[in-house]
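Please review the structure shown here before reading the briefing.

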Amino acid sequence: MSELISELIHEHALLLSALDKAGNISLSIEDRKKEFDAIKELLLLHIQNEDKNLYPVLKEAAKTDPTKNRLLNSYFNSMSEISQMVFDFVEKYSKEKSDMAYIADFQVLYLKLKSRINKEENILFPKYESLFS
């Protein structure tokens with residue numbers, strides 16, 4: 001397994017564990033926000049790492065295969081939307097204090113991130129690895 005993929009999988013495990021804590025309904029809203037604040041920088045850096053080091057390699061490899069290109073473009077569009085959702089969430093809740101909106105928005109973000117991680121680990125990472133085997 002490549003160093004990049006190992007690093008990303010390790011970060012996924014850290015992020016999922018931290019997101020589980022941040023979504024724990026037994027915690028107060030303030031404690032949930034503190035849990036999210038503790039990982040938001042790692043989350044943003046992780047997304048930037050993927051955007052810089054993973055997706056460009058996959059995009060370049062897909063240029064020569066129209067089928068792969070269509071498949072990967074659909075994933076890239078979805079991943080890009082989720083990245084923007086993370087940036088928007090962080091921006092919004094660095095200013096807004098609405099607890100009920102935070103809970104609802106966090107739940108949507110959490111589910112999207114879990115889906116993104118699942119797709120990356122089960123579809124995109126193996127494609128990346130196949131480029132170097």
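The points below concern a helix, a histidine and a cavity.

This is a predicted model. Helix 3 packs through its buried residues against helix 2 (29-62) and helix 4 (99-131). The model contains 1 cavity of 30 Å³ or more, and His 46 is among the residues that line the largest cavity.

**Helix 3**

- Helix 3 covers residues 66-93, and its end C-alpha atoms lie 40 Å apart, in agreement with the 40 Å expected for 28 residues at 1.5 Å a residue.
- At the N-terminal end, Asp 65 acts as a cap, with a side-chain oxygen 3.0 Å from the backbone nitrogen of Thr 67.
- The buried residues of helix 3 include the aromatic positions Tyr 75, Phe 76, Phe 89 and Tyr 93, together with Leu 72, Met 79, Ile 82, Ser 83, Val 86 and Val 90.

**His 46**

- His 46 belongs to helix 2.
- The relative accessible area of His 46 is 4%, so this residue counts as buried, the cut-off being under 20%.
- The side chains of His 46 and Glu 50 form a polar contact of 2.9 Å.
- Beyond its neighbours within four places in sequence, His 46 contacts Leu 8, Glu 11, His 12, Leu 15 and Glu 120.

**The largest cavity**

- The volume of the largest cavity is about 50 Å³.
- Its lining consists of His 12, Leu 15, Leu 19, Leu 43, His 46, Ile 47, Leu 113, Arg 116, Ile 117 and Glu 120.
- Helix 1 (3-22), helix 2 and helix 4 each contribute at least two lining residues, and helix 4 contributes the most, with 4 residues.
- By residue class, the lining comprises 6 nonpolar, 2 polar and 2 charged residues.

Methods
Residues are numbered from 1 along each chain as its sequence is written. This is a predicted model: local features need pLDDT of at least 70, side-chain atom pairs count only at pLDDT 80 or more; totals for chains, interfaces and linings use all residues. Side-chain values use heavy atoms; hydrogens and water are left out. The expected span of a helix is 1.5 Å times one less than its number of residues. Buried means under 20% relative accessible area, exposed over 50%, partly exposed in between (1.4 Å probe, protein chains only). Contact means heavy atoms within 4.5 Å. A polar contact is a pair of N or O atoms within 3.5 Å; within protein, one must be able to donate a hydrogen and the other to accept it, and residues adjacent in sequence count only if both atoms are side-chain atoms. On a 1 Å grid over the protein atoms alone, a cavity is a set of points where a 1.4 Å probe fits but cannot get out, and a pocket is an open set with protein on both sides within 12 Å along at least five of seven lines; lining residues have an atom within 4 Å of a point. Grid points are joined across faces, edges and corners, and a volume is the space filled by probe spheres set on the points. Ala, Val, Leu, Ile, Met, Phe, Trp, Tyr, Cys and Pro count as nonpolar, Asp, Glu, Lys and Arg as charged, and the others, Gly among them, as polar.
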